[in-house]
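Let's walk through this structure together, one region at a time. Keep the viewer open as you read, so that you can follow each stop.

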Amino acid sequence: MSLEREKETLQKMFKIYCKAKHGSQNGKLCSECKELLNYALKRLELCPFKEEKPSCKKCTIHCYQPEKRKKIKEVMRFSGPRLLLYDPFNWLIHKVKERTK
């Protein structure tokens, strides 16, 4: 999965999470989610694996601060299964990548 697709998937997951948990509308994120998403996107840009990056769950280097990692895991756990409904293609790619790397 390319870094651009990773970023798109991450953004979709945050939109799903924020809408359900914080009542955001029209794809806009609350300030807390926006800040956390920006942090995650920046970490993704700095990932030493770049295009060979494994899924976060299987990564050997945890580049998030512990408290932010905990929150991002919460977003991913909530949004991951729901991504199947919103974007089945990205969900499938994400699952294949999880199993192959």
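## A guided walk through the model

Y64 sits in the loop between α2 and α3. Before we go further, please keep in mind that this is a predicted model. Is Y64 buried or exposed? With a relative accessible area of 14%, Y64 falls under the 20% cut-off and is therefore buried. If residues up to four places away in sequence are set aside, Y64 touches Y39, A40, R43, C56, R69 and I72. One of these partners, A40, is 24 residues from Y64 in sequence, while the two C-alpha atoms are 7.7 Å apart in space.

A40 brings us to helix α2, which covers residues 31–45. The buried residues of α2 are C33, L36, L37, Y39, A40, L41 and L44. What lies over them? The cover for these buried residues includes α1 and α3. You can also check the geometry of the helix itself: α2 has 15 residues, and at 1.5 Å a residue they should span 21 Å. The C-alpha atoms at the two ends are 21 Å apart, so the expected span and the model agree.

Now step back to the loop between α1 (3–22) and α2, where you will find S24. S24 has a relative accessibility of 12%, so this residue counts as buried. A polar atom of the S24 side chain lies 3.0 Å from the backbone oxygen of K28. Apart from neighbours within four places in sequence, S24 is in contact with K15, C18, K19 and L29. N26 belongs to the loop between α1 and α2 as well. Buried or exposed, where does N26 fall? N26 is exposed, because its relative accessible area is 75%, over the 50% cut-off. The backbone of N26 deserves a look too: phi is near 55 degrees, a positive value in a residue other than glycine.

Next come the charged side chains. How many salt bridges are there? The count comes to five. One of them joins E45 and K7, with the closest N and O atoms 1.9 Å apart. This pair links distant parts of the chain, since E45 is in helix α2 and K7 is in helix α1, 38 residues apart. E45 is partly exposed at 37% relative accessibility, whereas K7 is buried at 15%. Both residues also belong to a network of salt bridges that links E4, K7 and E45.

A second salt bridge brings together the side chains of K12 and D87, at 2.3 Å from N to O. K12 lies in helix α1 and D87 in the loop between α3 (66–86) and α4, so this pair ties together parts that are 75 residues apart in sequence. K12 is partly exposed, with a relative accessible area of 30%, while D87 counts as buried at 13%.

K71 and E74 form another salt bridge, in which N and O are 3.3 Å apart. Why are these two separated by about one helical turn? The reason is that K71 and E74 are three residues apart in helix α3. K71 is partly exposed, with a relative accessible area of 22%, and E74 is partly exposed at 37%.

From D87 you can move on to P88, which lies in helix α4 (residues 88–100). P88 counts as partly exposed, because its relative accessibility is 46%, between the 20% and 50% cut-offs. P88 and E67 are 21 residues apart in sequence, and their C-alpha atoms are 30 Å apart in space.

Our last stop is the largest pocket. The volume of the largest pocket is about 630 Å³. Which residues lie nearest its centre? Of the 29 residues that line the pocket, S55, C56, K57, K73 and M76 lie nearest its centre. C56 is a residue you have met before, as one of those that Y64 touches. The helices α1, α2, α3 and α4 each supply at least two residues of the lining. The largest share, seven residues, comes from α3.

Definitions and conventions. Residues are numbered from 1 along each chain as its sequence is written. This is a predicted model: local features need pLDDT of at least 70, side-chain atom pairs count only at pLDDT 80 or more; totals for chains, interfaces and linings use all residues. Side-chain values use heavy atoms; hydrogens and water are left out. Helices (H or I, at least four residues) and strands (E, at least two) are DSSP runs, numbered from the N terminus. Buried means under 20% relative accessible area, exposed over 50%, partly exposed in between (1.4 Å probe, protein chains only). A polar contact is a pair of N or O atoms within 3.5 Å; within protein, one must be able to donate a hydrogen and the other to accept it, and residues adjacent in sequence count only if both atoms are side-chain atoms. Contact means heavy atoms within 4.5 Å. A salt bridge is a side-chain nitrogen of Lys or Arg within 4 Å of a carboxyl oxygen of Asp or Glu. The expected span of a helix is 1.5 Å times one less than its number of residues. On a 1 Å grid over the protein atoms alone, a cavity is a set of points where a 1.4 Å probe fits but cannot get out, and a pocket is an open set with protein on both sides within 12 Å along at least five of seven lines; lining residues have an atom within 4 Å of a point. Grid points are joined across faces, edges and corners, and a volume is the space filled by probe spheres set on the points.
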